[in-house]
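Me: Please take a close look at one part of this model for me. Start with the pairing of its strands, then work outwards in one connected answer.

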Amino acid sequence: MTAPDAAVRTLDLHFQGVPGVIAASVFETGDGLAVVDVGPGSTLPELESGLASLGASLADVRHVFLTHIHLDHAGATGTILDRVPGARAYVHERGAAHLSRPGRLLASAAQIYGGEMDRLWGEMRPVEPGRLTVLAGGETLRVGRLEVRPLYTPGHAVHHLAYHAGDDLFVGDVGGIRLSERQTPRAPTPPPDIDLPAWRESVAALRGLGARTLHLAHFGASPDSADHWDGLLASLDVDAARVREGLERGQDAEELTGAFTRALLDELRGQDPELPGRYEFACPPWMSVQGLVRYWTRAAARGRATGDGG
Ligand SMILES: [Zn+2]
């Protein structure tokens with residue numbers, strides 16, 4: 001970067017050619033650039049042109065902070081580290097093995113996306129274990145002249161971290177999807193790790209930090225406000241209850257998905273007419289249904305369904 005400054009920039013990765021769906025956050029550390037959530041392999045050229053617009057390039061990246069290892073956040077990591085020998089990546093201890101040996105992650109994604117894998121996500125190259133800083137959450141990292149604090153924040157994924165640096169809080173997906181100011185934040189709830197009580201605890205921890213700006217992977221910077229977190233918790237409860245009630249009524253997967261999708265897209269349309277089209281790229285509603293069905297089914301099996309969610 002020609003003029004190092006502490007400001008965090010949002011780069012639009014134009015996922016599938018659609019603006020405002022997947023963001024990477026970039027900031028100068030005094031020891032090269034840091035990128036939070038580099039996005040999938042398919043959008044690496046967009047990441048590169050975003051860096052170029054800041055007067056930088058991939059070669060300036062030294063620190064890749066991953067909130068979690070889902071393909072839309074971490075897919076390009078291995079390729080970037082292969083191309084930039086001085087860079088390293090930071091990841092939660094429960095996600096590290098999947099970055100180094102992405103076979104299982106890719107196989108389970110292929111079950112969902114089939115022949116669309118390559119078009120959607122591009123290549124996911126393995127990361128050498130020696131290039132990873134493996135975190136539990138709660139550490140204080142010295143990165144250049146900055147202090148970065150990873151925070152263990154499960155709920156969306158069992159290996160999810162948020163990163164706190166000064167006024168900025170990088171919340172990955174646990175901070176919800178908010179594609180425009182007018183949208184109420186919404187929880188992406190894909191399988192397999194959704195955990196509603198853990199999600200609520202993560203929100204309680206994050207909102208107490210007193211950051212000024214949240215950086216969402218979907219999408220970009222948003223003020224850290226009570227409205228944001230209250231909206232997210234409320235919509236998480238609504239979505240979870242919709243699926244639970246559908247299951248209790250004996251709806252099959254198709255009925256559940258149809259009803260959930262109609263209700264969600266209607267609400268989004270009411271908030272901002274252009275939201276439904278983009279939202280489906282950030283987290284398809286059918287995937288949120290699958291994750292919540294799995295959560296409620298397992299909760300019932302463990303005999304602790306009462307009191308969760310509704
Ligand atoms: Zn995501």
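Reply: Two strands count as paired if DSSP finds at least two bridges between them. The model is predicted.

Take the pairing of strands E2 and E3. Strand E2 covers residues 23-28 and strand E3 covers residues 33-36. They run antiparallel, joined by four bridges. One partnership can be named: valine 26 of E2 has valine 35 of E3 as its bridge partner.

This pair sits in a wider sheet. Six strands make up that sheet, in the order E1-E2-E3-E4-E5-E6. The sheet is open, and its pairing is mixed. At its edges stand strand E1 (9-12) and strand E6 (132-135). Each has a single partner strand, so one side of each lacks a neighbour in the sheet. Direction ignored, neighbouring strands are turned by 25° against each other on average.

Now step back along the chain from E2. Isoleucine 22 lies in the loop between E1 and E2. Is isoleucine 22 buried or exposed? The cut-off for burial is 20 or more other C-beta atoms within 10 Å. Isoleucine 22 has 26 such neighbours inside 10 Å, so it counts as buried. Which residues does it touch, leaving aside those up to four places away in sequence? The contacts of isoleucine 22 are Leu13, Phe15, Gly39, Thr43, Asp72, Ala217 and His218. Alanine 300 is another matter: its C-alpha atom is separated from that of isoleucine 22 by 34 Å, with their positions 278 residues apart along the chain.

The loop between E1 and E2 also holds histidine 14 and glutamine 16. Look at their backbones. Most residues other than glycine have a negative phi. Histidine 14 has a positive phi, near 45°. Glutamine 16 has a positive phi too, near 55°. What about their surroundings? Residues with 12 or fewer neighbours would be exposed, and those between the two cut-offs are partly exposed. Histidine 14 is partly exposed, because 18 other C-beta atoms lie within 10 Å. Glutamine 16 is partly exposed as well, with 13 C-beta neighbours inside 10 Å.

One contact of isoleucine 22 leads further on. His218 is on its list, and histidine 218 is joined to phenylalanine 219 by a cis peptide bond. Omega there is about 10°. Most peptide bonds are trans. Phenylalanine 219 lies in the loop between strand E11 (213-216) and strand E12 (220-223). A cis peptide bond also joins proline 191 and proline 192, with omega about 5°. Proline 192 is in the loop between strand E10 (168-172) and helix H7 (196-207).

For comparison, consider some other antiparallel strands. Strand E7 (residues 141-143) and strand E8 (residues 146-152) run antiparallel and are joined by three bridges. Leucine 141 stands opposite valine 148 in E8. E7 and E8 form a hairpin, with two residues between them. In its turn, glycine 144 has a positive phi of about 60°. E8 also pairs with strand E9 (residues 161-165), in the antiparallel sense, over four bridges. There, proline 150 stands opposite tyrosine 163 of E9.

Notes
Residues are numbered from 1 along each chain as its sequence is written. This is a predicted model: local features need pLDDT of at least 70, side-chain atom pairs count only at pLDDT 80 or more; totals for chains, interfaces and linings use all residues. Axes are lines fitted to C-alpha atoms, for helices over the stretch in contact, and angles run from 0 to 180 degrees between N-to-C directions. Two residues are in contact if their C-beta atoms, placed from the backbone, lie within 7 Å.
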